[in-house]
Amino acid sequence: MNSTYKTGFNWKVIVVSFIPFLGLSACNDDFLDTVPQTAIEESEAFSTEGKILAQVNNLYRQLQNPTLYGGRYIVFNEQRADEFGQNDGNAAAGSAVWNQSVASTNDFANNVWSAAYTAINSANILLSALEDTDVITEETSTFYRAEAKYVRALSYLCLVQTYARPYTYDPDGLGVPLRLSPIRTSGHNNLARSTVAEVYDQILQDLDEAETELPESYPTALLNTSRAHKATAIALKSRVYLLQGDYPNVVSESSKLVPSTMPYQYVTSTITHELETDIATVFGGSYTGPEAIFSIPFINSTTETPPTQSSLAFNYLGQPIIFMAAAGIASDPALNSPEDSRSLLVTTNANNQKVLTKFSITVAPFRDYVPVIRYAEIMLNYAEAAANTGDLTLGAQLLQAVRNRANPSHVFADAAVNTTDALLNTIWNERRIELVGEGHRLGDLQRRGLTLPAKVGAIGTAPAVNPGASNYIWPIPSGESATNNLIVENP
């Protein structure tokens, strides 16, 4: 049996500290060690095929951290943007995030930083351990190293978007420290911030190498959804280049996954990526359909249940902590007409608030998968880049395809698509409709150099934040400042 692809979800391994992993376990019996341990030697942790695979699984478990892509980071991005009002004034519910008043001592600012760098260090440890191993084949080692590079790239993208000014604002400005070597002991904290451009360069280098080295696919829909393959790296590059405003490269990457003519789909080996026919099937719990390019799954009800306040459904629908702002995209006709199936993803609660129902598991255990990259996003990235590079026809066709999935009879008026400015405005609006609640809105505002608008919630009014303001991004966390003598705060 090929241990690279065997699935299972019950075991734990440790390299330096007690770290559970997202189970994609091996067939090797010596790996299935049920005796809890607090630490083991690194040489032991990489001594068998199964134990090495467990460290690969651990990379994805780091992304699954509740503060990171396990849910909370997605919610933070929505709280900071303008589509949602805030119901809950408690600090634990992210009231300071919504109010644009996060301080360096804030737990969330410290926790996102810590979770992302923990994932990065796990990737660095794996990359180092695989440099000269003879425990696994060279092909398998190459796959695993590529997965580590993908996880490192995604983690650095989270960091540079959260703690540094947008690339389009100042590529030579302060980014975040680039930690590319494994840290196994204390005393290696001092590292200066690289520039924003240097961080983006590293992200793209990792993704370029990952694209070359990752497998085309895996044998199951679950693995094709939750584990990086070639299309995953390509899709993330499409997003990265869009954040940089590098539209020719957005076209180059997106076109690898989205043909310029219908049918819009990417087919290779056991994978077909395309728009789902019915938007309702895109969400609803454990989604592993063709539109899911990369998602964070929650499978084991014992070890993989996100805390209540990290659950997307609890934040958007259950309590809800945040509701759709009347002045936001909630007022768009597409979300208020039965002709558009996306209107079914919004409802009105007992308090007469519009709430998002994309994520519907509102009772424990809260295990809606977290969508990180969808095919619809790549189509819209491509549409925007096509419009910016002069291909209005292609941009309009891609836009139309996304809209027609939800509303087959809709045709955009000529005035909405026949000039570059009009088409871009229509695409940006479609992104708001299609991707609402998935954590994209903040990045879309910031990459375009827009002010974060003032907003009204049940707990009061959050102020507008212009791109030059200190709270346009999060401060360097106090925990990092206390241990890294070379770190400097944002100017």
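The following exercises, each with a worked solution, concern helix packing and local backbone geometry in a predicted model.

Residues are numbered from 1 along each chain as its sequence is written, and side-chain values use heavy atoms, with hydrogens and water left out. Because the model is predicted, local features need pLDDT of at least 70 and side-chain atom pairs count only at pLDDT 80 or more, whereas totals for chains, interfaces and linings use all residues.

**Exercise 1. Determine how α2 packs on α6.**

Step 1. Helices (H or I, at least four residues) and strands (E, at least two) are DSSP runs, numbered from the N terminus. Helix α2 covers residues 49–63 and helix α6 covers residues 138–163.

Step 2. Axes are lines fitted to C-alpha atoms, for helices over the stretch in contact, and angles run from 0 to 180 degrees between N-to-C directions. The axes of α2 and α6 are 10 Å apart, at an angle of about 15 degrees. The angle makes α2 roughly parallel to α6 (under 35 degrees; over 145 is roughly antiparallel, 65 to 115 roughly perpendicular and the rest oblique).

Step 3. The crossing of α2 and α6 is left-handed, that is, the near helix is turned anticlockwise from the far one by less than a right angle.

Step 4. Contact means heavy atoms within 4.5 Å. On the α2 side the participants are I52, L53, V56, L59, Y60 and L63, and they meet Y144, E147, A148, V151, L154 and S155 of α6. This contact of α2 with α6 comprises 10 nonpolar, 1 polar and 1 charged residues (Ala, Val, Leu, Ile, Met, Phe, Trp, Tyr, Cys and Pro count as nonpolar, Asp, Glu, Lys and Arg as charged, and the others, Gly among them, as polar).

**Exercise 2. Establish whether α2 is enclosed or open, and state its span.**

Step 1. From first to last C-alpha, the 15 residues of α2 reach 22 Å, close to the 21 Å expected at 1.5 Å a residue (1.5 Å times one less than the number of residues).

Step 2. Of the 15 residues of α2, 14 are buried, so the helix is largely enclosed by the rest of the structure (buried is under 20% relative accessible area, exposed over 50%, partly exposed in between, with a 1.4 Å probe and protein chains only).

**Exercise 3. Describe the packing of α6 with α7.**

Step 1. The axes of α6 and helix α7 (residues 196–213) come within 8 Å and cross at roughly 155 degrees. The two helices are therefore roughly antiparallel to each other.

Step 2. α6 and α7 form a left-handed crossing. Residues of α6 in this contact include F143, Y150 and L157, and those of α7 include V199, I203 and L207. By class, the contact of α6 with α7 has 13 nonpolar, 3 polar and 5 charged residues.

**Exercise 4. Locate the cis peptide bonds at P263 and P320, and the positive phi values at Q100 and N352.**

Step 1. Most residues other than glycine have a negative phi, and most peptide bonds are trans.

Step 2. M262 and P263 are joined by a cis peptide bond with omega about 0 degrees; P263 lies in the loop between α10 (247–257) and β4 (265–268). Another cis bond joins Q319 and P320, with omega about -20 degrees.

Step 3. Q100 has a positive phi, near 60 degrees, and lies in the loop between α4 (95–98) and α5 (107–129). Q100 counts as buried at 7% relative accessibility.

Step 4. N352 also has a positive phi, about 60 degrees, but counts as exposed at 66% relative accessibility.
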